[in-house]
Amino acid sequence: VLFEPPQSFKIGKPDDFTVDMVDTRFKTEHGVWIVRNKEGLYALSTVCTHLGCTPNWLSTEQKFKCPCHGSGFRITGIHFEGPAPRPLERYKIYRADDGQVVVDKTKKFQQEKGEWENSESFLKIV
């Protein structure tokens, strides 16, 4: 029997996340980084768009760096170095009725298709 973590899960309240920081708590179990900026939150996939390795967040360099082939991604998920052909993907993120933030990995958004403009790819915090 294979255990697969749920594809939709709660990650806490918006105030649990620090502005301009990458939260790595969900990297291992769920394959997601949570990033909060001044406007809100987004959930980035931890899968490199080159060959599927798992990059690491390097806080001192403010970038995600893939150990397999050297691809680099900014905090936004945009690629800027190495062989990765496109940015990291985002997952659907929204607020549940109880105020907690939910990540739904069944819905992905790709920047190069203009899908990051979709309101489900970013949770605005007012």
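Are W57 and F64 buried or exposed? Select the two side chains and you will find that W57 is buried, and so is F64; buried means under 20% relative accessible area, exposed over 50%, and partly exposed in between, with a 1.4 Å probe and protein chains only.

Before moving on, a word on what is on screen. This is a predicted model, in which local features need pLDDT of at least 70 and side-chain atom pairs count only at pLDDT 80 or more, while totals for chains, interfaces and linings use all residues. Residues are numbered from 1 along each chain as its sequence is written, and side-chain values use heavy atoms, with hydrogens and water left out.

**Stop 1: strand β4**

Select residues 40-45, which make up strand β4. Helices (H or I, at least four residues) and strands (E, at least two) are DSSP runs, numbered from the N terminus. Six of the six residues of β4 are buried, so the rest of the structure largely encloses this strand. Now show the side chains: in a regular strand they alternate between the two faces of the sheet. Here G40, Y42 and L44 point one way, L41, A43 and S45 point the other way, and all are buried.

**Stop 2: the neighbours of β4**

Strands count as paired if DSSP finds at least two bridges between them. Add residues 32-36, strand β3, which runs antiparallel to β4 and is joined to it by five bridges. The two form a hairpin with three residues between them, and W33 stands opposite L44.

Next, add residues 90-95, strand β9: it pairs with β4 in the antiparallel sense over two bridges, and R90 is the bridge partner of L44 there. Then add residues 123-124, strand β11, which also pairs with β4 in the antiparallel sense over two bridges. Look for K124 opposite G40.

**Stop 3: R90 and two rings**

Stay with R90 and show its side chain. Its charged end sits over the ring of Y42, 4.2 Å from the centre. R90 also lies over the face of W116, at 4.1 Å from the ring centre. The criterion for a charge over a ring is NZ of Lys or CZ of Arg within 6 Å of the ring centre and within 35 degrees of the ring normal.

**Stop 4: the aromatic cluster**

Back to the opening pair, now with W33 selected too. A search of the whole structure finds three aromatic pairs. One of them is W33 with F64, whose ring centres are 4.2 Å apart and whose planes meet at 35 degrees, so the pair is tilted. Rings of Phe, Tyr and Trp (its six-membered ring) pair if their centres lie within 6.5 Å; planes under 30 degrees apart count as stacked, over 60 as edge-to-face and the rest as tilted.

W33 lies in strand β3 and F64 in strand β6, so this pair ties together parts that are 31 residues apart in sequence. W57 and F64 form a tilted pair as well, at 4.7 Å centre to centre and 55 degrees between the planes. W33, W57 and F64 form one aromatic cluster.

**Stop 5: the cysteines**

Finish by selecting C53 and C68, joined by a disulfide with S to S at 2.0 Å; the cut-off is a pair of cysteine sulfur atoms within 2.5 Å. C53 lies in the loop between β4 and β5 (56-58) and C68 in the loop between β6 (63-65) and β7 (72-73), so the link ties together parts 15 residues apart in sequence. The link is left-handed, with -100 degrees about the S-S bond.

Why are C48 and C66 not bonded to each other? The sulfur of C48 is 3.9 Å from the closest cysteine sulfur, in C66, too far for a bond.
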